[in-house]
Amino acid sequence: MGKVNGKIRVLETIRQGKIGGGESHVLDLVATLDRDLFEPVVLSFTEGPMITALKQMNVPAYVIGSEKAFDIGVWRRVKSFIQQQQIDVVHVHGTRANSNVLWAARSLGLPVVYTIHGWSFHEGLHPLTKRLRIAAEKFITRKTQVNICVSESNRQTGIKAFKRFAGVVIRNGVSLRKFNPGGTYPDLRAEYGIPADKLLICFIARMTYQKDPVTMIKGFAAALQQVPQLQLLMIGDGELMPAAVAAAREAGVEQQVIFAGYRQDIPAVLHAADIYCLPSLWEGFPIGVLEAMAMGKAVIASDVDGTKEAVKDGENGLLIPAENVPALADAIVKVATDERLRHQLQQNAKIEIATHFNVAGMTEKIAAVYQQLCK
């Protein structure tokens, strides 16, 4: 492998240019990689705000358009792109990116690192689809040099599904420079006309089946009956947005719910909030939860997968069963009415992130994997 000017050229590939958990991870990773040792290049399969953000950071970012997994039509283009860029290590994020890059990287004899940001064979799939996805993941995880799991729970799922699975756990981290509770941020409460005496709950996620926005609305509506000073800010869009809007109307709470659509200024959103809720059905290792904790927010999240590895129930957040409206409502009421508990959760959340989930530690471990593969 011909290293250009002595540095390791790493290709970071991701499915899309829209910013979600995996994309935030890539942005943080390339921002914190040591530029004396590495030269990152990013390849996405759709355009989006992430590409703009990378260009502002002076990180070369390219798009080869594709909306499909195992899209044989783009494989040759990916291969010649990798050759042109003189890449030493290929790091794929998520199944779709892996399936469209793996053949090219292997045919060029390059090492491939695969970060699994949650498995593609999740709950709620048709049994046949699930079987096919397990087969696909089993195939690609055996063709890569290193599989990185973002949580121990993810690693265990892989072992259960494939029997023979080798994965290392490197948990996600948060940029404490970006998510700084002491920072100065634009006043989002003023922007949305939210009075200072309101307790603001924030839901920040794509409105998909996985993130369960309808349970969020129903739980909020039930809590509002006991705590009338609550307000809910829903950040994100997605296919369940109409269902969430309809649920708010049905529950008669549309005045207390703001559907703000997609926003990129997440630190400012979190700064304005008091409570962060993520009632998802499954998670790899939710960066959103870590970001909220870093900003010193009281977190209420589903008791699923990787979430449990960051949120310790009653200590630095509250864990509730997924798809459980009464449990979500009770947790909101508890945090909203017990100021001492809320303050304690907020303080402990900040300490947990600073101690265990700083992005610098995550990047160091990933950089060590790259160096090992380029020896």
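How much of the chain over residues 187–350 is helix, and how much is strand? Select that stretch and colour by secondary structure: 41% is helix and 18% is strand. The C-alpha atoms at its two ends sit 21 Å apart. Keep in mind as you click around that this is a predicted model.

Where does that selection come from? UniProt, in an unreviewed entry, annotates residues 187–350 as "domain: Glycosyl transferase family".

Now jump to residues 19–176. The unreviewed UniProt entry lists this range as "domain: Glycosyltransferase subfamily 4-like N-terminal". Here the chain is 47% helix and 16% strand, with 18 Å between the end C-alpha atoms.

Next, switch from the annotations to the domain assignment. Put 8–173 + 358–374 in one colour for domain 1, and 188–356 in another for domain 2. Domain 1 is given as two segments, so remember to include 358–374 in your selection. If you drop a marker on each C-alpha centre, the two markers will be 29 Å apart.

Time to look at where the domains meet. On one side, 20 residues of domain 1 make contact, and on the other, 17 residues of domain 2. Together the domains bury about 1400 Å², with carbon and sulfur atoms giving 56% of that area. Show S153, N172 and N358 as sticks: within domain 1 these lose the most area to domain 2, together 27% of what that side buries.

What holds polar partners across this boundary? There are six residue pairs in polar contact between domain 1 and domain 2, both residues at pLDDT 80 or more. Colour helix 1 (21–32) and helix 6 (152–162) next; these are the elements that give two or more residues to the side of domain 1 touching domain 2. By residue type, that side divides into 13 polar, four charged and three nonpolar.

Which charged side chains should you zoom in on? Pick R171 and E309, whose side chains meet in a salt bridge at 2.9 Å, N to O. Across the interface of domain 1 and domain 2, the rule finds one salt bridge, while a search of the whole structure finds nine.

Stay on that pair and trace the chain out from each end. R171 is in the loop between strand 7 (168–169) and helix 7 (188–192), and E309 is in the loop between strand 12 (298–302) and strand 13 (318–320), so the salt bridge ties together parts that are 138 residues apart in sequence.

Methods: Residues are numbered from 1 along each chain as its sequence is written. This is a predicted model: local features need pLDDT of at least 70, side-chain atom pairs count only at pLDDT 80 or more; totals for chains, interfaces and linings use all residues. Side-chain values use heavy atoms; hydrogens and water are left out. UniProt positions are given in the numbering used here, feature names are shortened, and annotations may be inferred rather than shown by experiment. Helices (H or I, at least four residues) and strands (E, at least two) are DSSP runs, numbered from the N terminus. Domain bounds come from an automatic or database domain assignment. Contact means heavy atoms within 4.5 Å. Buried area is the accessible area (1.4 Å probe) that two parts lose on being put together, summed over both. A salt bridge is a side-chain nitrogen of Lys or Arg within 4 Å of a carboxyl oxygen of Asp or Glu. A polar contact is a pair of N or O atoms within 3.5 Å; within protein, one must be able to donate a hydrogen and the other to accept it, and residues adjacent in sequence count only if both atoms are side-chain atoms. Ala, Val, Leu, Ile, Met, Phe, Trp, Tyr, Cys and Pro count as nonpolar, Asp, Glu, Lys and Arg as charged, and the others, Gly among them, as polar.
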